[in-house]
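Me: I have a structure open and would like to talk it through before I go back to the bench. Could we start with the pocket and then move around from there?

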Amino acid sequence: MKLSDPAAADSATNSGSATEPAADGWPTPADDLALALSLADAADKITLARFLAVDLRVESKPDNTPVSDADTAVESMIRERLAVARPDDAVLGEEEGLTGDAQRRWILDPVDGTKNFVRGVPVWATLLGLEVDGEMVVGVASAPAMGRRWWAATGAGAFTRTATGDTRALRVSSVSRLEDAFLSFASLEGWTERGRLDELLHLAGQVWRTRAYGDFWSHLMVAEGAIDVAPEPVVSLWDLAALQVIVEEAGGRFTDLRGRRGAGHGTVLSTNGHLHEAALASFVTSGSAR
């Protein structure tokens, strides 16, 4: 099965082969990716049905961020299906926390961009990643209101399905100078609240163009080669887990603002790789060790 072919992946999942373990007792990366794509299909049906719904229910969590009935429904559905398809795996989700303790852990954000979702802005996505022995190996990001999906598995490349239904491989840009770079971030508020706005502005002052596309989209556009640099001062593991493998398989780098590789350090800098050290300097030389 080609990992660039979502139809083949879905067929494998529906036929049951995506849940059959390899000889070593663990599913293959292709099987795990097929399962993740199938779960994204199911999530899309739930989220699209609730997007712009007049009876959408929205509550505030203890951190004052919103959660909709779509968030909770998607996470519950994914957990239920993983309990059947991968009963020995752990699951970490934004809404229900961690269940299980295993070398294999699924990490999910049922609706990344909930604030957009509840206001009718179509830039939101379901994010689902698989971590094995501390390494992200599968990632799927599905943004059905945009007609887009992105996916990757370690060693197999990264791909996207466009709004026209075409599938293409992802590759980061070849931009090698900050003065030619396109930078995207989420919001000024996040940087201001953490006393780090000067760092962002220092970097922004060196690049060709800035826009605040935000959330998952900034990093996936790094993977596409449309954006070259995407930093954020505060993020959770479920915001980034699926994105890391997609960016890296597209040839990019994915670290925190101190240069530590990975999705679990609380901040993020994704780049095309060529610009990573130059972009990192705005944060490392600021005197911040956060």
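**Pocket, cores and loops**

Reply: The largest pocket has a volume of about 950 Å³, and please keep in mind that this is a predicted model.

Me: How many residues line the largest pocket, and which lie nearest its centre?

Reply: The lining of the largest pocket consists of 31 residues, and those nearest the centre are Thr65, Lys115, Asp215, Val234 and Asp239. By class, this lining is made up of 12 charged, 11 nonpolar and eight polar residues.

Me: And which element gives the most to the lining?

Reply: That is H8, which contributes four residues to the lining of the largest pocket. At least two residues each come from strand E5 (104-112), helix H4 (114-119), helix H5 (188-193), helix H7 (215-224) and helix H8 (237-249).

Me: Let's stay with H7 for a moment. Is it mostly covered or mostly uncovered?

Reply: H7 is mostly covered, with nine of its 10 residues buried; the buried ones are Phe216, Trp217, Ser218, His219, Leu220, Met221, Val222, Ala223 and Glu224. After H7 comes glycine 225, which has a positive phi, near 90°.

Me: Which residues have the most contacts inside the largest nonpolar core?

Reply: Within that core of 31 residues, Trp150, Phe216, Leu243 and Ile246 have the most contacts. Two or more residues of this core come from each of strand E6 (125-132), strand E7 (135-143), strand E8 (148-153), H7 and H8. There is also another core lying apart from it, with 25 residues that include Leu35, Met77, Ile78 and Leu108.

Me: What does leucine 243 touch, leaving aside its neighbours within four places in sequence?

Reply: With those neighbours left out, leucine 243 is in contact with Leu127, Ala141, Phe216, His219, Leu220 and Phe254.

Me: Changing topic, where is aspartate 32, and is it buried or exposed?

Reply: Aspartate 32 sits in helix H2 (residues 29-50), and it counts as buried because its relative accessibility is 2%. Not counting residues up to four places away in sequence, aspartate 32 touches Pro27, Arg86, Arg104, Trp106, Leu130 and Val138.

Me: What about arginine 57, buried or exposed?

Reply: Arginine 57 counts as exposed, because its relative accessibility is 56%. You will find arginine 57 in the loop between H2 and strand E1 (58-60), where, setting aside residues up to four places away in sequence, it touches Arg50, Val67, Ser68 and Asp69. Arginine 57 and valine 118 are 61 residues apart in sequence, while the distance between them in space is 9.0 Å, C-alpha to C-alpha.

Me: Which sign does phi have at leucine 52, positive or negative?

Reply: Leucine 52 has a positive phi, near 70°, and it is a residue other than glycine. For context, most residues other than glycine have a negative phi. Leucine 52 also lies in the loop between H2 and E1, and with a relative accessible area of 61% it is exposed. Another non-glycine residue with a positive phi is aspartate 133, at about 55°; aspartate 133 is in the loop between E6 and E7, and it is exposed, with a relative accessible area of 51%.

Me: And glycine 157, why does it count as buried?

Reply: Glycine 157 counts as buried because its relative accessibility is 17%, and the cut-off for buried is under 20%. This glycine lies in the loop between E8 and strand E9 (158-161). Leaving aside neighbours within four places in sequence, glycine 157 is in contact with Trp151, Ala152 and Glu249. Glycine 157 and valine 245 are 88 residues apart in sequence and 9.1 Å apart in space, C-alpha to C-alpha.

Me: One strand question: in which sense do E13 and E15 pair, and over how many bridges?

Reply: E13 and strand E15 (residues 268-271) pair in the antiparallel sense, over four bridges, and alanine 230 stands opposite serine 270 in E15. Along strand E13 (residues 229-232), Val229 and Pro231 point one way and Ala230 and Glu232 the other way, and all are buried.

Me: Finally, how many helices and strands does the protein have?

Reply: The secondary structure comes to nine helices and 15 strands, and of the 290 residues in the protein, 53% are buried. Among contacts with a separation of 6 or more, 60% are between residues 24 or more positions apart.

Note on methods
Residues are numbered from 1 along each chain as its sequence is written. This is a predicted model: local features need pLDDT of at least 70, side-chain atom pairs count only at pLDDT 80 or more; totals for chains, interfaces and linings use all residues. Side-chain values use heavy atoms; hydrogens and water are left out. Buried means under 20% relative accessible area, exposed over 50%, partly exposed in between (1.4 Å probe, protein chains only). Two strands pair if DSSP finds at least two bridges between them. On a 1 Å grid over the protein atoms alone, a cavity is a set of points where a 1.4 Å probe fits but cannot get out, and a pocket is an open set with protein on both sides within 12 Å along at least five of seven lines; lining residues have an atom within 4 Å of a point. Grid points are joined across faces, edges and corners, and a volume is the space filled by probe spheres set on the points. Ala, Val, Leu, Ile, Met, Phe, Trp, Tyr, Cys and Pro count as nonpolar, Asp, Glu, Lys and Arg as charged, and the others, Gly among them, as polar. A nonpolar core is a set of buried Ala, Val, Leu, Ile, Met, Phe, Trp, Tyr and Cys residues joined through side-chain atoms within 4.5 Å. Contact means heavy atoms within 4.5 Å.
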